[in-house]
Amino acid sequence: MGDTFIRHIELLGYEKRFFPSQHYVYMFLVKWNDLTEKLVYRRFTEIYEFHKALKEMFPIESGDINAENRIIPHLPAPKWFDGQRSTQSRQGTLAEYCYALVNLPHKISRCLHVVNFFKVRPDDMSPVTDSQIKKPEVFLLPKDAKKNASDITGPIILQTYRAIADYEKSSKSEMALKAGDMVDIVEKSESGWWFCQLKNKRGWVPAAYLEPMDGPDESEEQEPNYAGERYVVQKSYTAVEEDELTLTEGDTIEVIHKLLDGWWVVRKDESTGYYPSMYLQRSGEANTPEKSELRNRSIPPRRSTIRNAKSIHKQSRKQISQETYRRNSRKYIQSRRNMKANLQNKANIISEKNEQEENKSKAQPAVPPRPSKDLIMNRCTESTRRKIM
């Protein structure tokens with residue numbers, strides 16, 4: 001076994017291709033121990049042949065000797081004819097298979113057979129295609145549907161974006177761009193890094209360098225939420241620009257605007273500013289190895305720092321000033337304080353009323369007047385009358 005091994009395999013979906021004939025390939029994002037991420041394509045028949053060879057290499061773990069010892073996951077055999085329906089319905093099983101595979105003992109999950117099968121091949125970098133025939137159709141598997149294969153999306157043609165400036169990559173997992181390049185978006189991450197493909201190249205690109213073809217992209221961004229969502233700072237950052245915030249690991253803040261370039265507007269007390277979203281984690285959420293790994297990546301550049309950016313749109317992106325964020329935040333915070341004060345006053349009034357009613361209920365009953373001697377002689381028993389005589 002070598003030092004290289006796979007940490008995670010994520011099924012992204014599948015492609016319907018039309019050259020040299022119609023067929024289907026599954027798309028996998030393979031994350032390696034050197035923190036690189038590679039996109040590979042495999043037919044199901046290839047995956048099944050890989051699975052059969054793996055079982056032969058580890059007969060005990062595959063249950064061939066004793067079924068009770070089986071730990072290698074099951075994988076159904078391919079059908080005589082694999083169409084789109086079977087390709088789609090198989091995704092849930094295949095996603096679970098990959099998850100189980102990388103979590104097997106190291107002698108299996110890190111063996112050369114597994115490592116070599118998921119290594120990038122030349123046709124992964126340059127898929128066989130023909131410009132005279134239909135462009136491949138991509139069917140993505142939504143993140144919230146990976147446990148339910150019935151929720152697979154319909155046919156998706158990937159969104160095309162344009163590079164607004166030259167970008168030089170700084171790691172192997174990124175992709176360099178020239179101004180005007182047209183890229184297809186495979187995955188949009190909240191971190192501000194998007195996984196793109198350009199002809200035979202694929203890699204991560206800062207979202208700040210991309211613009212949609214039909215106009216400024218603020219329509220894709222959420223509106224500011226001045227109520228704020230509670231997040232915890234997982235990694236410290238020192239502000240470089242005036243409109244950024246310096247925060248320390250462990251700080252609790254409120255996110256008030258999530259922006260596509262991965263720089264979110266956050267509020268700490270009454271101060272607001274930009275902060276890298278990849279360094280934040282929603283309050284109460286558990287940490288994961290994937291999130292920890294993401295924080296070790298470089299921060300994507302902000303839109304405002306891109307020099308020589310050239311948009312094809314006459315209308316530029318709208319940008320909210322920090323003064324507007326601060327002013328609206330102060331208004332919201334003040335209204336929240338007033339609401340709390342009103343609720344407290346109402347609670348005090350109700351408490352006072354309850355206390356008064358409780359005091360009334362505790363009051364002693366009045367003592368009735370002593371009956372007169374004539375009344376006793378007329379109405380009481382002989383025994384009582386003797387006592388007053």
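In this predicted model, the largest nonpolar core has 33 residues. Phe 28, Leu 54 and Phe 118 have the most contacts inside this core. Five elements each give two or more residues to the core: strands β1 (6–17) and β2 (23–32), and helices α1 (44–57), α3 (91–102) and α5 (112–117). Helix α3 gives the most, with six residues. In soluble globular proteins, nonpolar side chains tend to be buried together.

Phe 118 illustrates the packing. Leaving aside neighbours within four places in sequence, Phe 118 is in contact with Ile 6, Ile 9, Val 30, Trp 32, Val 40, Arg 42, Phe 50 and Leu 101. Among these partners, Ile 6 and Ile 9 fall within the span of β1 (6–17). Val 30 and Trp 32 fall within β2 (23–32). Phe 50 falls within α1 (44–57), and Leu 101 within α3 (91–102). A second core, separate from this one, has 32 residues. Val 25, Leu 198, Trp 204 and Tyr 209 are included in this second core. Val 25 falls within β2 (23–32), a strand that also gives residues to the largest core.

The overall fold was then summarised. The protein chain has 10 helices and 14 strands. Of its 389 residues, 41% count as buried. Contacts between residues at least 6 apart in sequence were also examined; 60% of them join residues at least 24 apart. The accessible surface of the chain comes to about 22,800 Å². Carbon and sulfur atoms account for 50% of that surface.

Nonpolar side chains also appear at the surface. Met 182, Met 213 and Ile 312 make a nonpolar surface patch of about 250 Å². Met 213 is found in the loop between β9 (210–212) and β10 (229–233). Met 213 counts as partly exposed because its relative accessibility is 37%, which lies between the 20% and 50% cut-offs. Met 182 falls within the span of β6 (182–188).

Cysteines were considered next. A disulfide is a covalent bond between the sulfur atoms of two cysteines. The structure holds zero disulfides. Two cysteines can be placed by their accessibility. Cys 111 has a relative accessibility of 5%, so Cys 111 counts as buried. Cys 196 is buried as well, because its relative accessible area is 0%. Cys 196 falls within the span of β7 (193–198).

Gly 192 sits just before that strand, in the loop between β6 (182–188) and β7 (193–198). At 0% relative accessibility, Gly 192 counts as buried despite its place in a loop. Gly 192 touches several segments that are remote in sequence. Not counting residues up to four places away, its contacts are Val 205, Pro 206, Ala 207, Leu 260, Asp 261, Gly 262 and Pro 300. The C-alpha atoms of Gly 192 and Leu 259 are 8.3 Å apart, with the two positions 67 residues apart in sequence numbering.

Charged pairs form a further set of links. Side chains of opposite charge can pair when their charged atoms come close. The count comes to 14 salt bridges. In one of them, the side chains of Arg 121 and Glu 46 meet at 2.6 Å, N to O. This pair links distant parts of the chain, 75 residues apart. Arg 121 lies in the loop between α5 and α6 (122–125), and Glu 46 lies in helix α1. Both ends are partly exposed: Arg 121 has 24% relative accessibility, and Glu 46 has 28%.

Glu 61 forms a salt bridge with Lys 107, and the closest N and O atoms are 2.7 Å apart. Glu 61 lies in the loop between α1 and α2 (84–89), and Lys 107 in helix α4 (residues 106–109), so the pair ties together parts that are 46 residues apart in sequence. The two ends differ in burial. Glu 61 counts as buried at 12% relative accessibility, whereas Lys 107 is partly exposed, with a relative accessible area of 42%.

Glu 323 and Arg 330 form another salt bridge, with 3.6 Å between the closest N and O atoms. Glu 323 is partly exposed at 38% relative accessible area. Arg 330 also counts as partly exposed, at 37%. Finally, a network of salt bridges links Glu 229, Lys 258, Arg 282 and Glu 285. Glu 229 falls within the span of β10 (229–233).

Terms used:
Residues numbered from 1 in each chain as written. Predicted model: local features only at pLDDT ≥ 70, side-chain atom pairs only at ≥ 80, totals over all residues. Heavy atoms only, no water. Core = buried A, V, L, I, M, F, W, Y, C linked by side-chain atoms within 4.5 Å. Buried < 20%, exposed > 50% of the residue type's maximum accessible area, 1.4 Å probe, protein only. Helix = DSSP H or I, 4+ residues; strand = E, 2+ residues; numbered from the N terminus. Contact = heavy atoms within 4.5 Å. Patch = residues over 30% accessible without salt bridge, like charges linked within 9 Å, V, L, I, M, F, W, Y side chains within 5 Å. Areas by Shrake-Rupley, 256 points an atom, 1.4 Å probe, with all protein chains shown as cover. Salt bridge = Lys/Arg side-chain N within 4 Å of Asp/Glu carboxyl O. Disulfide = S-S within 2.5 Å.
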